[in-house]
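Subject: Structure for you to look at

Hello,

Here is the structure I promised, with my notes underneath. Please open it alongside the text.

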Amino acid sequence: MKTTTSLLASTFAALTAALPATAQDLPGADDGVLKIGLIYTLSGPAAALGTQARDGFMLAVDKIGDLGGMKTEVIIIDDEQRPDLAADKARELVARDQVDFVVGPIFSNILGAIHKPVTETGTILISTNAGTSNYAGAECNENFFATSYQNDQNHEVMGAYAQKQGYTNVFLMAPNYQAGKDSLNGFKHSYTGGVAGEVFTELGQLDFSAELSQIAAFQPDALFTFMPGGMGVNLVKQYSQAGLTTIPFLSAFTVDETTLPATQDAALGLMGGANWAPDMDNAANKAFVDGYLAAYDAVPGTYAMQAYDAAQLIDSAVRATGGDLTDRDALRAALHEAAFDSPRGDFSFGNNNFPIQDFYLVKAEKREDGKYQTAIVEKIFDDYKDNYADQCPM
């Protein structure tokens with residue numbers, strides 16, 4: 001298995017007008033090599049998220065060997081959290097490198113940038129994290145699959161929890177981009193109480209003193225927030241330092257295995273919504289978590305798990321087609337079948353190529369080995385299909 005890492009920005013302007021590929025032009029038609037491009041944020045404050053995803057994918061590749069029984073080449077791209085760079089790199093992967101699959105990204109604005117350049121050529125794009133409502137609904141695409149979730153869903157878990165707790169006045173806060181908007185929409189989909197305040201911060205913001213002053217003044221029943229990566233680390237620490245811990249802190253992708261190594265005890269006991277946790281009791285999950293710990297000396301998070309599943313998905317589909325990547329209809333059908341064992345347990349695709357899966361309330365805890373993780377408290381949704389699938393014409 002060959003791995004190539006590309007960290008440099010480049011312009012590939014001649015590719016911007018690339019037309020959909022014909023059967024003869026499709027990657028993988030003649031060379032017998034399965035080529036996969038990974039696009040993740042691997043630098044800056046959010047690097048921990050992309051690193052987990054990359055490592056989860058490569059863990060599965062190392063475990064399986066040649067995916068689908070084919071010689072496998074993986075090209076790794078750092079999108080630097082820049083949509084323009086990501087779009088250029090996606091075009092390079094498709095037109096120059098002739099990849100069969102593009103896997104990633106972390107952020108929804110990056111997904112928006114790479115979606116068309118990849119899918120319009122007939123290349124398969126598999127998102128292992130970002131899952132915006134438009135691509136789950138009216139803009140669904142036969143060449144786009146997600147091994148993660150639709151963005152709203154983990155936040156709907158926390159809305160249902162807040163409703164169950166009887167909260168009637170919750171302060172809402174998220175970054176000002178599509179996933180942030182989806183997060184608050186998701187929370188409000190299952191929470192019908194009052195809103196003390198609703199704030200959208202800058203994406204990448206690290207100082208929350210102004211927002212925390214508002215929370216202290218409003219004294220809501222709880223805070224609900226979505227702040228991934230370094231944003232979440234700073235918010236949790238500043239929340240504690242501001243003496244606001246008497247106000248329940250509810251979140252998704254804010255207190256998880258990417259932020260807990262930095263927040264540690266400041267996050268203990270904080271609740272979140274998730275489609276999986278490292279303590280899930282099944283054989284596939286035990287093998288995944290143990291393998292990740294052994295390889296990287298870290299507890300995997302959902303970013304790693306969902307990327308691990310993307311590699312398993314590709315492996316299962318390529319095997320099912322006998323390595324014939326030119327029959328795109330057969331390949332898409334094999335992907336939709338999702339014939340692999342996910343660490344999360346139940347997994348199938350809906351009509352929009354988004355997962356139907358279970359969702360849980362999780363809580364941050366300290367493990368016996370001194371590391372930190374989230375653990376399942378209770379199941380909130382069973383075999384949950386997202387709210388946008390009915391808008392998908394597929």
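First, a definition: helices (H or I, at least four residues) and strands (E, at least two) are DSSP runs, numbered from the N terminus. Pro-105 sits in the loop between β4 (101–103) and α3 (108–119). The peptide bond that leads into Pro-105 from Gly-104 is cis, with omega near 0°.

Two notes on the source. This is a predicted model, in which local features need pLDDT of at least 70, side-chain atom pairs count only at pLDDT 80 or more, and totals for chains, interfaces and linings use all residues. Residues are numbered from 1 along each chain as its sequence is written, and side-chain values use heavy atoms, with hydrogens and water left out.

The whole chain

The chain holds 12 helices and 14 strands. Its C-alpha trace spans about 65 × 45 × 40 Å along the principal axes. The radius of gyration is 20 Å, which agrees with the value near 21 Å for a compact globule of 394 residues. That radius is taken over C-alpha atoms, and the globule rule is 2.2 Å times the number of residues to the power 0.38.

Of the 394 residues, 60% count as buried. Buried means under 20% relative accessible area, exposed over 50%, and partly exposed in between (1.4 Å probe, protein chains only). The chain exposes about 14,300 Å², and carbon and sulfur atoms supply 48% of that area. Accessible areas come from the Shrake-Rupley method with a 1.4 Å probe; for residues, only the protein chains shown count as cover.

Contacts (heavy atoms within 4.5 Å) reach far along the sequence. Among those in the chain with a separation of 6 or more, 75% come from residues 24 or more positions apart.

The chain carries 25 positive and 50 negative charges, and their mean positions are 3 Å apart. Lys and Arg count as positive, Asp and Glu as negative; His and the chain ends are not counted. Each charge is placed at NZ of Lys, CZ of Arg, CG of Asp or CD of Glu.

Two helices

Helix α1 (residues 47–64) has 18 residues. From first C-alpha to last it reaches 26 Å, close to the 26 Å expected. The expected span is 1.5 Å times one less than the number of residues. The buried residues of α1 include Ala-47, Leu-49, Phe-57, Met-58, Leu-59 and Val-61. Just after α1, Gly-65 has a positive phi of about 90°.

Helix α11 (residues 302–320) has 19 residues, which should span 27 Å, and its end C-alpha atoms are 27 Å apart. α11 is mostly covered, with 17 of its 19 residues buried. Just after α11, Gly-322 takes a positive phi of about 65°.

Now look at Val-61, which belongs to α1. Val-61 counts as buried because its relative accessibility is 2%. Val-61 and Ala-311 are 250 residues apart in sequence, yet 6.6 Å apart in space, C-alpha to C-alpha.

Ala-375 and Ala-277

Ala-375 lies in strand β14 (residues 372–384). At 6% relative accessibility, Ala-375 is buried. Leaving out residues up to four places away in sequence, Ala-375 touches Ala-277, Asp-279, Leu-361, Val-362, Lys-363 and Glu-365.

Ala-277 is in the loop between β11 (271–274) and α10 (283–296). Its relative accessibility is 0%, so Ala-277 counts as buried. Which residues does Ala-277 contact, leaving aside its neighbours within four places in sequence? They are Asn-285, Val-362, Thr-374, Ala-375 and Ile-376. Val-362 is thus listed for Ala-375 and for Ala-277.

Two positive phi values outside glycine

Glu-80 has phi near 55°, a positive value in a residue other than glycine. Glu-80 is in the loop between β3 (71–78) and α2 (83–96). Is Glu-80 buried or partly exposed? Glu-80 is partly exposed, at 27% relative accessibility.

Ala-338 has a positive phi of about 50°, although Ala-338 is not a glycine. Ala-338 falls in the loop between α12 (328–337) and β12 (348–349). With a relative accessible area of 8%, Ala-338 is buried.

Best wishes
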